[in-house]
Amino acid sequence: MRNSVITFPVPENEPVKTYLKGSPERVALEAELEHQSNIVVDIPIIIGGKEIRTGITGKVTCPHDHKHVLASYHKVTEKEVKMAIDAAMEARKIWANTDWTVRAAIMLKMAELLATKYRPIINAANMLGQSKNIYQAEIDSACETVDFFRYNVHYASKLYGMQPKNGVGVLNHTEFRPLEGFVLAVTPFNFTSIASNLCMTPILMGNVAVWKPSTTALLSNYYLMKLYKEAGLPDGVVNFLPGSGALIGKICTESHYFAGFHFTGSTATFKTLWQAACANLDNYISYPRIVGETGGKDFIFVHPTADTKAVATAAFCGAYEYQGQKCSAASRMYIPKSMWPAVLEDMKAMAKEVKMGDVKDPVNYINAVIDEASFDKCAEYINYAKNSKDAKVVMGGNCDKSVGYFVEPTVIETSDPHFKSMEEEIFGPILTVYPYDDDKVEETVKLCDETSPYGLTGSVFAQDRLAAERISEQLQNAAGNFYINDKPTGAVVGLQPFGGARASGTDDKAGGEFNLIRWVTPRVVKETLVSPTDYRYSYLK
Ligand code: NAD
């Protein structure tokens, strides 16, 4: 019993370490990279804390060196998915009734373990398995993941503190119950932090989860499971199911106890899951909570008063960091014709300077795209542009998958604002640019707003602050995260809660307090201190 009111104040964001040559973090990371490069991990299914091996296996390889096998993993069949649902429902009996400050303490221990002992382990796995350079791994699998744990505890304390007023002779309170069932967490390859957060936000609020990790992020995700266990998370609260998304999605959405799903990934997969939930609606205890962040076609809009050097830097970093595989990556740019030659020249200078290759060599700013399907998709878009009369490839454009899935940072310039790569999400290091007549700002902003079905991120560059304000206003529905004179990537937990609307998702803002509300179903309790014993109102007496 805890006879205490505990509040958790706003945390500081986890500092990004420098990894300078010879620094303790660099030494530890290099040792871990070496270690993980020389072993093949056997990744089990984990249900109710037990490791299960079906013997139906797949391989985890390095995207930048695809012959290098990092791990083999066991795939679930229908039987294990059903076992995971049962294990989650069993664990729920205790977890849902555990004091929330104890759940919070477990989350904070996860943060501490990840900031210290697990930092090199999970960063190395993220680098090798998902092809991130040191910096990209550090800001994702270390800092952002730690921030999610710490900030969510603070947000939970605020949420639980939101209580109604008492009346005369009446006490009122709200109990923030977890959902009645289990949550299906379906997670993407590109952020280890998102993989962790999609399970851990509902779990902090007292829910239990069945977790479908991305097949191309299994190594780092498996180490997360080890971290959770070491932090004291009870068995069965999260159940780890590598295998077919279609199978896991189907069985979970058919369960009577399906309470909702927490999803990040492509728009197509999200719609499939939502439709499956609709088809089974009569079978559920409650209406399922559907929270999803999906694709984007994120833009940079350049006003004629913009600073060209700042635009070139934002376009380069926004489009090519982590090979353009951030949902927020800049993938279309609208720029005045008069400014484009200078910006392109600067971008070419940067492209000439950066190196592309293996993550273990820290000089490589660009690494590989995640897998062969993604590589082929990038190559197809580049070839399409090369063969089109409405576009030309003006930077990069070379692809090579002989060792790893390498795609050069590429710029497609087009005269057609509705060119295929101006509208469709590619998820690779390809930026399409539409140079517009300098005097057609208004019309081009309208084009920017109406061109793509998505509404995730976008930015405007202008030194004329009033012009930036006008454009921001006109583009208010085009992006859930909007930037003024900055690249459209790099949202930080607690500072820029993240998510988009339109086809980009339900905009429930991961890294902010709104997301937590989706994982509770409040019960309001009124207690009358002295119950009335006469039915008559005063005027009737
Ligand atoms: P994806 O849709 O291919 O996969 C996401 C997850 O869904 C994976 O775990 C996958 O195995 C699973 N899955 C696939 N088919 C399924 C099915 N039929 N039923 C159930 N699960 C299924 O996406 P991805 O390639 O991993 O990630 C890239 C996408 O994610 C991009 O579109 C990107 O924009 C988006 N993304 C969005 C955000 C955001 O916050 N909006 C963040 C990161 C990534």
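Begin by selecting the boundary between the two domains, where 26 residues of domain 1 are in contact (heavy atoms within 4.5 Å) with 29 residues of domain 2. For the selection itself, domain 1 is 24–294 + 505–524 and domain 2 is 298–484, bounds that come from an automatic or database domain assignment. This is a predicted model, in which local features need pLDDT of at least 70 and side-chain atom pairs count only at pLDDT 80 or more, while totals for chains, interfaces and linings use all residues. Residues are numbered from 1 along each chain as its sequence is written, and side-chain values use heavy atoms, with hydrogens and water left out.

Staying at this boundary, the area buried between domain 1 and domain 2 is about 2200 Å², with 58% of it given by carbon and sulfur atoms; buried area here is the accessible area (1.4 Å probe) that two parts lose on being put together, summed over both. Colour His64, His66 and Phe189 next, since these residues supply 25% of the area that domain 1 buries against domain 2, more than any other three residues.

Now move to the ligand, which lies between the domains because both domain 1 and domain 2 give residues to the shell around it. Select the 26 residues that surround the ligand (a heavy atom within 4 Å), among the closest of which are Ser266 and Thr294.

Then display the polar contacts, pairs of N or O atoms within 3.5 Å. An oxygen atom of the ligand is 2.7 Å from a polar backbone atom of Thr187, a polar side-chain atom of Thr269 lies 2.8 Å from a ligand oxygen atom, and a side-chain N or O atom of Glu425 is 2.6 Å from an oxygen atom of the ligand.

Terms used: Polar contact = N/O pair within 3.5 Å; in protein donor to acceptor, adjacent residues only side chain to side chain.
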